[in-house]
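Let's sit down with a protein model and learn to read it one feature at a time. A learner asks, and a teacher answers.

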Amino acid sequence: AAVAAQVFRAVPDLTGGRAWVKMVVANPRTPNNKGADIALQLLAELRRDANAAERHTNDAYYYAEPIRAKAWCLRCHGEPKGEPDPMFPKYSKDGWKDGEVSGAVVARVVPR
């Protein structure tokens, strides 16, 4: 996560704002992980078992790859859904299962 955060901050700076990379989840705990409609559409496609998803729009190209829940994610995000998160009790567990697509890494690039 620490490395990802550095990458997510560096990409816009290094591309003059033409690109960004972010982690997107359907029901984020952190507002930064809230996805725009197109990112949520890509996440939905990944949840239907795609290895990657992409879209071309009038102003940008989007590419996404899945983030799969691992055993260590499930301590806070696993089951039972709705039970308090043991690390951050103000949040509830999400009911994720091992290997489930829990989010996506989405990149957006605007052509010059």
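## Reading the core and the fold

Q: Which residues have the most contacts inside the largest nonpolar core?

A: Start with the general idea: in soluble globular proteins, nonpolar side chains tend to be buried together. In this predicted model, the largest nonpolar core has 14 residues, and Leu42, Leu46, Tyr62, Ala64, Ala104 and Val106 have the most contacts inside it. Two or more core residues come from each of helix H2 (37–47), strand S3 (61–68) and strand S4 (101–109). H2 gives the largest share, 5 residues.

Q: How many helices and strands does the protein chain have, and in what order do they run?

A: There are 3 helices and 4 strands. Reading from the N terminus, you meet them as α-β-α-β-β-α-β. The C-alpha atoms fill a box of roughly 45 × 30 × 20 Å along the principal axes.

Q: How do I read the buried side of a helix, and which residues of H2 are buried?

A: An α-helix has 3.6 residues a turn, so residues three or four places apart point the same way. In H2, the buried residues are Ile38, Ala39, Leu42, Leu43 and Leu46. These residues lie on the same side of H2 because they cover an arc of only 145 degrees around the axis. Their cover includes strand S1 (19–24), strand S2 (53–56), S3 and S4.

Q: Is Leu46 buried or exposed, and what is it in contact with?

A: A residue counts as buried when its relative accessible area is under 20%. Leu46, which is found in helix H2, has a value of 0%, so Leu46 is buried. Beyond its neighbours within four places in sequence, Leu46 is in contact with Asn51, Ala52, Ala53, Ala64, Glu65, Pro66, Val101 and Ala104. Try finding Gly103 as well: Leu46 and Gly103 are 57 residues apart in sequence, yet their C-alpha atoms are 8.7 Å apart in space.

Q: What does Tyr62 touch?

A: Leave out residues up to four places away in sequence, and the partners of Tyr62 include Trp20, Ile38, Leu42, Ala53, Val106 and Ala107. Glu54, Arg55, Thr57 and Arg108 are also among the residues that Tyr62 touches.

Q: Where does Asp49 lie, and is it buried or exposed?

A: Asp49 lies in the loop between H2 and S2. The cut-off for exposed is over 50%, and Asp49 has 61% relative accessibility, so Asp49 counts as exposed. Look at its backbone too: phi is near 85 degrees, a positive value in a residue other than glycine. This positive phi comes just after H2.

Q: Which residues does the cis peptide bond join?

A: The cis peptide bond joins Glu79 and Pro80, with omega about 0 degrees. You will find Pro80 in the loop between helix H3 (71–77) and S4.

Q: What can I say about the protein chain as a whole?

A: Begin with burial: of the 112 residues, 29% are buried. The chain exposes about 7400 Å², and carbon and sulfur atoms supply 55% of that area. Next come contacts: among those with a separation of 6 or more, 48% are between residues 24 or more positions apart. Last come charges: there are 17 positive and 13 negative ones, and their mean positions are 4 Å apart.

Conventions
Residues numbered from 1 in each chain as written. Predicted model: local features only at pLDDT ≥ 70, side-chain atom pairs only at ≥ 80, totals over all residues. Heavy atoms only, no water. Core = buried A, V, L, I, M, F, W, Y, C linked by side-chain atoms within 4.5 Å. Buried < 20%, exposed > 50% of the residue type's maximum accessible area, 1.4 Å probe, protein only. Contact = heavy atoms within 4.5 Å. Areas by Shrake-Rupley, 256 points an atom, 1.4 Å probe, with all protein chains shown as cover. Lys, Arg positive; Asp, Glu negative; His and termini not counted. Charge placed at Lys NZ, Arg CZ, Asp CG, Glu CD. Arc of directions from axis to C-beta.
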